[in-house]
Amino acid sequence: INHIVHNGGLYKRPFNEAFEETPMLVAVLTYVGYGVLTLFGYLRDFMRQWKIEKCQNATEREEQKDFVPLYQDFENFYNRNLYMRIRDSWNRPICSVPGAKVDMMERVSHDYNWTFTYTGRVIKDIINMGSYNYLGFAQKTGACQEAAAKVLSQYGAGVCSTRQEMGNLDKHEELEKLVARFLGVESAMAYGMGFATNSMNIPALVGKGCLILSDELNHASLVLGARLSGATIRIFKHNNMQSLEKLLKDAIVHGQPRTRRPWKKILILVEGIYSMEGSIVRLPEVIALKKKYKSYLYLDEAHSIGALGPSGRGVVDYFGLNPEDVDVMMGTFTKSFGAAGGYIGGKKELIDYLRTYSHSAAYATSMSPPVVEQIITSVKCIMGEDGTTIGRARVQQLAENTRYFRRRLKEMGFIIYGNEDSPVVPLMLYMPAKIGAFGREMLKRNIGVVVVGFPATPIIESRARFCLSAAHTKEMLDTALKEINEVGDLLQLKYSRRRLVPLLDRPFDETTYEETED
Amino acid sequence: MDVKSTPRYLYWLFCQFELITCSYLMEPWEKVLFYSFNLAMLGLLLYTTYVCLAFHASSAFQLLCSFLGNPRENALSVVK
């Protein structure tokens with residue numbers, strides 16, 4: 001194997017990422033399954049239209065039947081005929097704190113998932129493999145909860161104003177200084193909602209005449225923000241640095257489409273960990289490219305802050321890079337800090353500009369004080385400033401859990417996507433019936449998992465996504481693995497052909513068809 | 001899951017068939033429709049196989065018998 005290092009030694013540690021190819025038989029059988037369901041979908045639609053069967057989904061009124069049809073597109077067809085059949089795996093109501101174990105309300109459906117009724121029973125102590133609780137801060141006891149309760153009794157729950165009007169509390173100032181110190185940047189600003197952080201701030205940073213280079217698999221908030229800004233958007237292949245470099249070269253050489261003027265700004269949008277694939281961005285290469293072509297980098301660390309890196313400071317810490325190289329560091333407090341909201345960190349001029357011009361600062365209510373206190377306490381815990389080593393222990397526990405869980409799943413023979421070190425573990429299911437079957441079988445065995453299908457993933461690549469947590473003990477992981485093994489044998493999910501894929505330093509381009517180098 | 005016990009194994013195979021063709025997700029009347037369609041197709045296939053194969057097998061057998069039954073006659077015809 002010719003192991004030529006193409007990236008000039010930018011990585012200080014091995015970068016093990018693999019996306020095993022779908023086996024041909026599995027792909028064919030998945031299409032067969034979708035074909036059968038589509039045929040039955042057409043049959044059911046026919047019966048609903050001719051009133052042979054009662055129509056329980058939304059339709060147009062009689063007077064509107066001559067207008068342009070509202071529910072004829074593929075998404076609505078999929079919703080009526082495929083999603084409804086397996087709907088009981090989603091929107092499950094939980095009734096306790098979403099820690100390592102969670103309580104869930106039991107519900108049954110007597111008309112095939114069109115309506116649900118609660119039996120009144122509560123299923124207790126389900127091992128929670130679906131919550132984004134990476135460091136285990138979703139707790140109802142402990143230092144964070146006590147501090148948040150104290151602040152609640154002091155400040156109340158509501159702020160009743162936006163940041164720019166009367167909603168700027170001293171707690172917010174304290175939080176922002178702390179977050180800036182945690183990330184290693186000059187200044188930071190916090191917002192009440194993580195989605196709104198992306199979608200409302202990208203329009204404030206770029207506008208018409210700018211270029212946005214966005215990864216193929218970016219989150220909906222980034223896509224929405226990019227589209228709202230009015231800038232030109234170009235997509236590069238997922239985590240593919242050759243594709244990104246080609247786009248950058250074209251942008252510099254050709255400029256804007258009609259006038260050929262140079263672009264006002266080029267902004268590269270990437271995420272730290274991509275939550276559907278479990279892959280980690282190739283940050284050293286992105287930063288090298290950014291410096292070479294003089295563009296700006298917007299890094300969305302929603303899943304990676306707190307979860308990666310030896311001290312939990314995210315993907316920049318994981319690769320050992322300088323935080324000042326990333327122009328805009330965005331993240332959310334929802335995942336690793338057990339709170340809600342988002343932040344943007346960067347140079348002082350940038351943050352001062354955003355304080356004035358961001359839509360979120362001007363119109364959105366500021367963060368609630370107990371939530372702010374939860375974040376302050378959890379960040380201090382991770383940094384070790386509260387005097388204990390709990391934070392560091394949790395970061396290490398998460399890393400150990402990640403490595404152990406991924407290794408065991410790969411040994412069992414499942415196809416697992418993504419990087420070795422990412423706490424998001426997608427397990428491929430492929431077939432539509434197995435999506436519903438996996439969710440139900442795991443719930444029967446007292447393990448709660450999140451299964452994902454179309455439209456969040458490509459139609460044949462449906463998966464079950466496990467989110468590991470520092471709160472999971474090894475016994476819980478062993479129980480979960482035993483049950484996953486059993487369900488994998490029952491449903492025949494062990495598709496992996498176990499070919500040892502050598503480390504590819506260059507990702508796919510048009511000339512490689514297999515992951516093995518010839 | 002006991003592989004050795006045949007009824008359990010056959011049930012497990014049936015479950016795999018249900019999962020692959022998504023009849024696991026169907027309501028009972030849809031399952032009845034789907035299985036009857038499948039069984040009808042299978043029956044047609046078996047019948048066609050039986051008829052065609054039987055026809056070809058019998059004609060091949062007759063040809064073979066004609067070769068074996070009259071070896072001298074054929075040899076004489078070739079010589080002449």
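What follows is a chat about how chain A and chain B meet in a predicted model.

Me: What ipTM and pTM does the predictor give the complex?
Reply: The ipTM is 0.80 and the pTM is 0.88.

Me: And what does chain B average in pLDDT?
Reply: Chain B averages 84. In that chain, 81% of the residues score at least 70.

Me: On to the interface. How many residues of each chain are in contact?
Reply: 21 residues of chain A touch 15 residues of chain B.

Me: What area is buried between them?
Reply: About 1800 Å². Carbon and sulfur atoms give 72% of that.

Me: Which three residues supply more than any other three on chain A?
Reply: A:Phe40, A:Tyr112 and A:Ala433. Together they supply 28% of the area that chain A buries against chain B.

Me: Salt bridges next. How many are found across the interface?
Reply: There are 3. One of them joins A:Arg44 and B:Glu27.

Me: How far apart are the closest N and O atoms in the A:Arg44 and B:Glu27 pair?
Reply: 3.0 Å.

Me: How many residue pairs are in polar contact between the chains?
Reply: The count is 6, with both residues at pLDDT 80 or more.

Me: Which helices of chain A each supply at least two residues to the side touching chain B?
Reply: H1 (24-49), H14 (432-444) and H15 (474-491). The largest share, 8 residues, comes from H1(A).

Me: How does that side of chain A divide into nonpolar, polar and charged?
Reply: It has 14 nonpolar residues, 2 polar and 5 charged.

Key:
Residues are numbered from 1 along each chain as its sequence is written. Chains are lettered from A and ligands numbered from 1 in the order in which they are written. This is a predicted model: local features need pLDDT of at least 70, side-chain atom pairs count only at pLDDT 80 or more; totals for chains, interfaces and linings use all residues. Side-chain values use heavy atoms; hydrogens and water are left out. Contact means heavy atoms within 4.5 Å. Buried area is the accessible area (1.4 Å probe) that two parts lose on being put together, summed over both. A salt bridge is a side-chain nitrogen of Lys or Arg within 4 Å of a carboxyl oxygen of Asp or Glu. A polar contact is a pair of N or O atoms within 3.5 Å; within protein, one must be able to donate a hydrogen and the other to accept it, and residues adjacent in sequence count only if both atoms are side-chain atoms. Helices (H or I, at least four residues) and strands (E, at least two) are DSSP runs, numbered from the N terminus. Ala, Val, Leu, Ile, Met, Phe, Trp, Tyr, Cys and Pro count as nonpolar, Asp, Glu, Lys and Arg as charged, and the others, Gly among them, as polar. pLDDT is the predictor's confidence in each residue, from 0 to 100.
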